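Biologist: Before I rely on the terms attached to this model, I should like to hear the reasoning behind them. Please set each value against its definition.

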Amino acid sequence: MLDLHRLQVQFKDFGAYRSLEETRMAVRLERALAALEACDGCWEELRALTEREKPGWLVPALRESPAAVYPRGTRPTPVTVVAADGSQIYPDRHVEPTCFLLNVSRIAFQYGTHEEPLMESVPAFRYRRDEVDELADEVAVDASSEVVSAFRDEQELEALLETARRARVEGRPIVALADGTLIRWMLRAMRNRALEERLLARYTRLLAEFHADRLPIASYISMPGNTEVVNLLRLHRGEHRAAELDEEASLVGLVDRRLFARTLAPGERSAVFESASHIQREYAPEIRIHYFYLHVPHPVAPEIARVEIPAWVADDGGLLDLVHAVVLSECEKGEGYPLILSEAHERAVIRAHERALFYELVERQLTTSGLPFTGSNKQASKRRPTV
Amino acid sequence: MTTDSHAPETAPSASRSTAVLPLAPIAEVIESNTRSFWAEVYRGMETPAFGTWVRVNQPTGYELYGLVSHVEVGSVEPNRRAVALGRTEDELRREMPHVLALLRTTFRAQVVAYREPDGRLRQTLPPSPPQIHAFAYACEPEHVCALGAPFDYLRTLVSNPDPAVPVDDLLVAVLGTVYTAQAHPEEGERALIRAGRVLSRLFRDDHERLQSILRRVV
């Protein structure tokens, strides 16, 4: 139960705090814009600086001026666009035996043709000791949510690769679109080092297969919270030399998307940056993740999205333009978010009633086999509150 | 869903059908009771017209006959509604191919007759409803002709109408099917007259109603 009266007081403070923060950010944004303009002509020096200094913040490697802006091109027609997305039913600590479910969608559209779209989802029920064990954290007893999420991400990438291979048409350009980041930084948060390495090796192997098959892959991040380009500007401003962080004079707290919201016109993309995420050291050079920001046009709510691509796509101007044009066209048709990713989500999502049905089926299957199914009393009490 | 995966059924029996090619099901039963069933039309199949006959075979050997009394087109997923997109069908196919793939056509058929395993035709409700996921086939003219006099099913339609269906309009459509199923116009007229007589008895003195139906048939 939520005591709304007590919450009301906190909301007032929240409003006051936010307006103060906004004023601060507006000042920082002006400073950042000035810094971006200033380093436009001398970006090579800045690149040298990023290589020399170790500021302790994540700073991208530069390939061109960070102030560079590129207009949109025309999307080719016909073109193949494929996508995959996944969802899961996490292992429930209150249910025995331990099991979980992954549901991964596969979408392929042959734009500009009358060919039938591919839209499907494939569930994978995991319950075997080795399957659950492989994902079990050595510290926690149950397969933790992070591990299942990591496993789902891997399944999504595998489904994307298979779908791209299946949907590819000779002589027709293709783009494989994923949702979220291609940088596996979240694996670092896991406590199981050996598992982390296994998952990462499998993930990068899949990324390498996209390269081997010349299947350009890109991922789309809506409302990115990254600050790498702003960090770069902080370096340019010499903030790393300050003995103590002067909040008022710094750019700290400003996110990249606010900066690019001012420099990019609708449909334009930023320069390409190479991510310096530490986990990237595990990626082979040709699949190291690069990214650009994109102004996604929308009559009411335009936004700056982040698009990630592997190095081999970033190095190929034609592929880069293809990804730029395809993502924009997707966003325009999807009213601000890639249409094909919305469809991939719709196919993958497991709704609350389906989750309940899943457990019912698990229970029924066990009961039919004369086996026990244990849902804890705590879980049962949540379902049936009494007065 | 395509029809490729469905084993085509051969024509009901040599004596009742002259069809040489195996017939493909047009739809699949998704909800059923002894009075009616809902079926989803397979992609690429022609939707059966209002007032036409469809049939469903039971594993028990019964063949159920239903009259298409309501047709609906809508989203496959209950939580997604179709919205205006301002694009032609060609543009939709080229640029938003999922939109048409997410639409489906369903119809409700009122079951008013069935054929027993021994071949006997009864114009009354069947002993059991069609099975869910059973295939529905469009009735050939010979099936429709067999469902002729004494037209007892017309009584079922009139005395126990589906509340969601304007019964007179359904009768207009049914009588049209009675007429067109016959090979020759004269036979069609004879069948219509017999059906008309049944209706006139059913409506007793309501000549106005009968006239209004017959006027719309011819």
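Modeller: Let us begin with a definition: a residue counts as buried when its relative accessible area is under 20%, as exposed when it is over 50%, and as partly exposed in between. The model is a predicted one. By that definition, 43% of the 218 residues of chain B count as buried.

Biologist: Why is F151(B) called buried?

Modeller: The relative accessibility of F151(B) is 2%. Buried means under 20%, so F151(B) counts as buried. This residue is found in the loop between helix 3 and helix 4 of chain B, and its phi is near 55°, a positive value in a residue other than glycine.

Biologist: What makes a positive phi worth a remark?

Modeller: Most residues other than glycine have a negative phi. E335(A) also has a phi near 55°. That residue is found in the loop between helix 9 (317-333) and helix 10 (339-348) of chain A.

Biologist: Why is E335(A) called exposed?

Modeller: Its relative accessibility is 65%, and exposed means over 50%; E335(A) therefore counts as exposed.

Biologist: Which term applies to C145(B), and why?

Modeller: C145(B) has 30% relative accessibility. Partly exposed covers the range between the limits of 20% and 50%, so C145(B) counts as partly exposed. C99(A), by contrast, has a relative accessible area of 4%, under the 20% limit, and is therefore buried.

Biologist: How do you know that C145(B) is too far from the closest cysteine sulfur for a bond?

Modeller: The closest cysteine sulfur, in C139(B), is 11 Å from the sulfur of C145(B). A disulfide requires two cysteine sulfur atoms within 2.5 Å, so this pair is too far for a bond. A search of the whole structure finds 0 disulfides over all chains.

Biologist: What makes the peptide bond from A149(B) to P150(B) notable?

Modeller: That bond is cis, with omega near 10°, and P150(B) lies in the loop between helix 3 (141-146) and helix 4 (152-159) of chain B. Most peptide bonds are trans. The bond from T77(A) to P78(A) is also cis, with omega near -5°.

Biologist: Which residues make up the patch of positive charge on the surface?

Modeller: R155(B), R194(B), R197(B), R201(B) and R204(B) gather there. Helix 6 (residues 185-203) of chain B gives the most, with 3 residues. R201(B) lies in helix 6; its relative accessible area is 56%, and patch residues need over 30%, so R201(B) passes that limit.

Conventions
Residues are numbered from 1 along each chain as its sequence is written. Chains are lettered from A and ligands numbered from 1 in the order in which they are written. This is a predicted model: local features need pLDDT of at least 70, side-chain atom pairs count only at pLDDT 80 or more; totals for chains, interfaces and linings use all residues. Side-chain values use heavy atoms; hydrogens and water are left out. Patches are made of residues with over 30% relative accessible area and no salt bridge: like charges are joined within 9 Å, nonpolar side chains (Val, Leu, Ile, Met, Phe, Trp, Tyr) within 5 Å. Accessible areas come from the Shrake-Rupley method with a 1.4 Å probe; for residues, only the protein chains shown count as cover. A salt bridge is a side-chain nitrogen of Lys or Arg within 4 Å of a carboxyl oxygen of Asp or Glu. Lys and Arg count as positive and Asp and Glu as negative; His and the chain ends are not counted. The place of a charge is taken as NZ of Lys, CZ of Arg, CG of Asp or CD of Glu. Helices (H or I, at least four residues) and strands (E, at least two) are DSSP runs, numbered from the N terminus. Buried means under 20% relative accessible area, exposed over 50%, partly exposed in between (1.4 Å probe, protein chains only).
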